[in-house]
Each structure stands twice: as structure tokens, then as C-alpha cells.
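Q: Please take a close look at the charged side-chain pairs in this protein, and at the surroundings of the residues involved. A connected account would be preferred to a list.

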Amino acid sequence: MKAGLKGFVTHEYRKYEMPNIFENTDSAYQNSWTENTVSIGAQLNKTQGRTLHFNATAETWLIGEDAGQLKLDFSTDVNFALLGDTMRLSAKAYLHRLNPTFYQRRYHSKHLWWDNEDMSKETHTRIEGLFAYEKTNTKLLVALDNIKNYTYYGMTYDATSDGRTNMTAGVYQESSNISVFTAQLHQNFRLGPLNWENVVTYQESSKNEVLPLPKLNLFTNLYLKFRIAKVLDVELGADATWFTSYYAPDFCPAINQFAIQKNESSRVELGEYPFLDVYANMRLKGVRFFVTMCNMINGGANHMTFLSPHYPVNGNVLHIGVSWPFFN
């Protein structure tokens with residue numbers, strides 16, 4: 001069979017430096033940690049031909065901090081003719097059993113400090129199927145995830161009239177299984193110069209307090225695409241995004257990460273507000289230039305929109321850009 005097979009061995013050397021405290025004292029010093037890991041793996045794939053393709057990869061860690069880790073990845077697609085066009089059925093699946101990262105297990109700083117030496121490996125399995133039919137510009141994706149020992153950042157604070165105080169954050173693990181169901185439809189339409197692109201995503205998390213997701217997410221892009229004087233390509237249109245309300249992860253500046261809102265009494269819910277951009281894209285030979293007005297519906301300070309709690313997005317912003325590659 002027209003396929004490729006390979007095996008590999010990897011070695012990683014990692015070094016980290018952070019403050020540490022002398023035992024039984026409050027004196028700090030700069031300490032370093034080192035990690036060495038060795039893994040072996042193999043890959044079998046088939047990329048030639050029109051009908052069937054696949055890729056299977058397996059890797060496991062034998063020595064070091066990540067000993068016992070496992071990654072199994074598989075993807076395949078089948079293409080066949082249907083009503084004068086090509087239909088593609090593809091599938092993906094993986095099993096990842098991975099150690100939490102170094103900074104999830106240990107982090108020392110002036111404001112935040114944790115040592116989580118007893119954390120378990122996170123096991124994440126995913127099965128995904130994709131149906132695509134080029135004649136109607138249709139794609140339908142269905143996926144199911146299951147996560148054991150989900151590792152995430154969480155933050156708490158005191159909500160007062162003066163704002164948020166006593167903010168702190170940490171790393172948490174959810175020992176019970178979390179399942180996530182995803183269904184996504186891509187549907188594009190075209191009638192002469194008129195183009196309409198749509199993406200509809202439905203997601204359902206079994207533990208929204210740990211892994212929050214908006215149940216419905218909509219994206220649409222409507223534009224005219226035409227050519228002027230046979231040399232100037234033009235796209236004039238607008239795109240919009242909308243999603244249902246959910247308790248979006250908050251931003252923790254102390255670790256520069258998004259973290260789950262752990263304050264049940266003061267959690268902030270976001271969503272159910274449209275984001276609209278209007279744009280013009282043009283291309284003249286090798287030169288591309290664009291004009292975009294972002295967040296057209298933003299109503300000013302009294303109607304600020306958010307993608308993360310307490311951090312409003314920019315209001316109406318005009319973007320102008322030019323891309324001009326110089327080559328013969």
C-alpha cells in the first residue's frame with residue numbers, strides 16, 4: 001500500500017527559574033528546577049491517492065517527569081463521487097494522557113504561590129466526524145469529548161464598591177468526568193457576485209461551572225465580490241458574531257491567563273450581544289489594501305460590550321491597512 005512508516009525517539013531538557021523560600025525562614029532566593037524526558041513513538045500515514053487517506057501516530061514517555069504520558073492520534077478521510085461532485089467523509093480521534101505543565105504544578109511569584117505535587121495526569125479523549133459536500137458548500141462536524149482530571153485556572157476576589165480586591169488565583173483539577181458535545185454547520189451560498197458564509201456551532205458541557213461554554217455561537221459574513229476594469233478585485237461586506245450568555249472565564253493579570261470565575265455570588269454573565277464589522281477589501285495585482293470599521297453596534301460608555309468579564313472591548317475602531325510585497 002502507498003503508505004509511509006517512521007519511528008522516532010525524543011529527548012527534552014527543560015530548565016526553570018523561580019524564587020524560593022529557605023526552610024523555616026522568610027528569606028527568598030532564586031532557585032532552578034530541571035527536567036529530562038525521553039519518549040518513543042511511531043507514525044503510519046497514507047497521503048497519496050484520491051479515495052482514502054489516513055494518519056496514525058502513537059507516542060509514550062518512558063523516563064523523566066512525564067513518564068507514563070501517552071498520545072494516540074488517528075485521522076482518516078474517504079472521498080467519492082456523488083451527483084457530479086465530490087463528497088468527503090472524514091473522522092478524527094485521539095487519546096491524550098498528559099501530565100499538567102510545570103507551572104501548573106509549581107509557581108512562585110510575589111502575589112501567587114503554589115506547589116501542587118500530587119496532581120494527576122489529565123486524560124482527554126475526542127471523537128470527531130466531518131461530512132463535506134463541495135457542490136452545496138456544506139460541512140457538518142460532530143464531536144464528543146471526554147475529559148478526566150481536567151486541569152484549569154480559577155480565580156477569586158472580593159467584590160466591593162471600590163472594585164475587586166484581594167484577588168487570587170490557583171490551579172484546580174476536576175476529578176470527575178467532563179463530557180462536551182459539539183455540532184457545527186458550515187453553509188455557504190453564492191449567487192453571482194453575492195456571497196453569504198455562515199457558521200453555526202452548538203456546544204454542551206456537562207460541567208459549566210468548570211468548563212463554561214456558550215451553547216450557541218453564530219457567525220455570518222455577507223459580501224459582494226466583483227472585479228473593476230478587469231484588474232481591481234473588490235470585496236464589500238459585513239460580518240457579525242453572536243453567542244448565547246455564559247459565565248466566560250475572567251482574566252487574571254497576575255498570571256496573564258484566563259481563569260474560571262470562582263465567586264458564585266458575584267459571577268458575571270456575558271453574551272447575547274452582536275458584534276458587527278463592516279469592511280472593504282481590494283487587490284490590485286500584488287497589492288492588497290483594506291478598510292474596516294469594527295464593532296459598529298457599540299453604543300458608547302453606557303452600552304459597553306465584553307468578551308471577558310470586567311474588560312470591555314474597544315468601541316468603534318477604524319482599521320486601514322496595505323500589503324505590498326516587492327518582488328520581480
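A: A salt bridge is taken here as a side-chain nitrogen of Lys or Arg lying within 4 Å of a carboxyl oxygen of Asp or Glu. The model is a predicted one. By this rule, the count of salt bridges comes to 13.

The account begins with one pair. Arg-105 and Glu-35 meet through their side chains in a salt bridge, with an N to O distance of 3.2 Å. Arg-105 belongs to helix H1 (residues 102–105) and Glu-35 to strand E2, so this pair ties together parts of the chain that are 70 residues apart in sequence. The cut-off for a buried residue is under 20% relative accessible area. Arg-105 has 7% relative accessibility and therefore counts as buried. Glu-35 has a relative accessible area of 5%, so Glu-35 is buried as well. The side chains of Glu-35 and Arg-105 are, in addition, joined by a polar contact of 3.2 Å.

Strand E2, in which Glu-35 is found, covers residues 28–46. When neighbours within four places in sequence are set aside, Glu-35 is in contact with Glu-12, Tyr-13, Arg-14, Tyr-16, Glu-65, Phe-102 and Arg-105. Some of these names return in a wider arrangement: a network of salt bridges links Glu-12, Arg-14, Glu-35, Glu-65, Asp-66 and Arg-105. The pair described above is thus part of a network, since the membership of that network includes Glu-35 and Arg-105.

Two further salt bridges may be set beside this pair. Lys-215 forms a salt bridge with Glu-204, and the closest N and O atoms are 3.6 Å apart. This pair links distant parts of the chain, with Lys-215 in the loop between E13 and E14 and Glu-204 in strand E13, 11 residues apart. The range for a partly exposed residue runs between the buried limit, under 20%, and the exposed limit, over 50%. Lys-215, at 43% relative accessibility, therefore counts as partly exposed. Glu-204 is partly exposed too, because its relative accessible area is 27%.

Asp-233 and Arg-283 supply the other example, their side chains meeting in a salt bridge of 3.1 Å, N to O. Asp-233 lies in strand E15 (residues 232–243) and Arg-283 in strand E18 (residues 275–284), so this pair ties together parts that are 50 residues apart in sequence. Here the two partners fall into separate classes of exposure. Asp-233 counts as buried at 19% relative accessibility, whereas Arg-283 counts as partly exposed at 40%.

Strand E18 also serves to place a further acidic residue. Glu-264 is found in the loop between strand E17 (257–261) and E18. With a relative accessible area of 69%, Glu-264 is exposed. Its C-alpha is 9.3 Å from that of Glu-209, although Glu-264 and Glu-209 are 55 residues apart in sequence.

Polar interactions around a histidine complete the picture of the buried residues. His-108 lies in strand E6 (residues 106–108) and is buried, with a relative accessible area of 5%. The side chains of His-108 and Asp-115 are joined by a polar contact of 3.0 Å. The side chain of His-108 also reaches the backbone oxygen of Pro-19, at 2.7 Å. If residues up to four places away in sequence are not counted, His-108 touches Met-18, Pro-19, Asn-20, Trp-33, Trp-113, Trp-114 and Asp-115.

As for covalent links between cysteines, the structure holds zero disulfides. Cys-252 is buried, at a relative accessible area of 1%, and Cys-294 counts as buried at 19%.

A nonpolar region of the surface offers a contrast to these charged pairs. Leu-140, Val-142, Leu-144, Phe-181, Leu-185, Val-200, Tyr-202 and Leu-218 form a nonpolar patch, with about 600 Å² of accessible area together. Strand E9 (138–148), strand E12 (178–191) and strand E13 (194–205) are the elements that give two or more residues to this patch. E9 contributes the largest share, three residues. One member of the patch, Leu-218, has its place in strand E14 (residues 216–228) and is partly exposed, with a relative accessible area of 31%.

Technical notes. Residues numbered from 1 in each chain as written. Predicted model: local features only at pLDDT ≥ 70, side-chain atom pairs only at ≥ 80, totals over all residues. Heavy atoms only, no water. Helix = DSSP H or I, 4+ residues; strand = E, 2+ residues; numbered from the N terminus. Polar contact = N/O pair within 3.5 Å; in protein donor to acceptor, adjacent residues only side chain to side chain. Contact = heavy atoms within 4.5 Å. Patch = residues over 30% accessible without salt bridge, like charges linked within 9 Å, V, L, I, M, F, W, Y side chains within 5 Å. Areas by Shrake-Rupley, 256 points an atom, 1.4 Å probe, with all protein chains shown as cover. Buried < 20%, exposed > 50% of the residue type's maximum accessible area, 1.4 Å probe, protein only. Disulfide = S-S within 2.5 Å.
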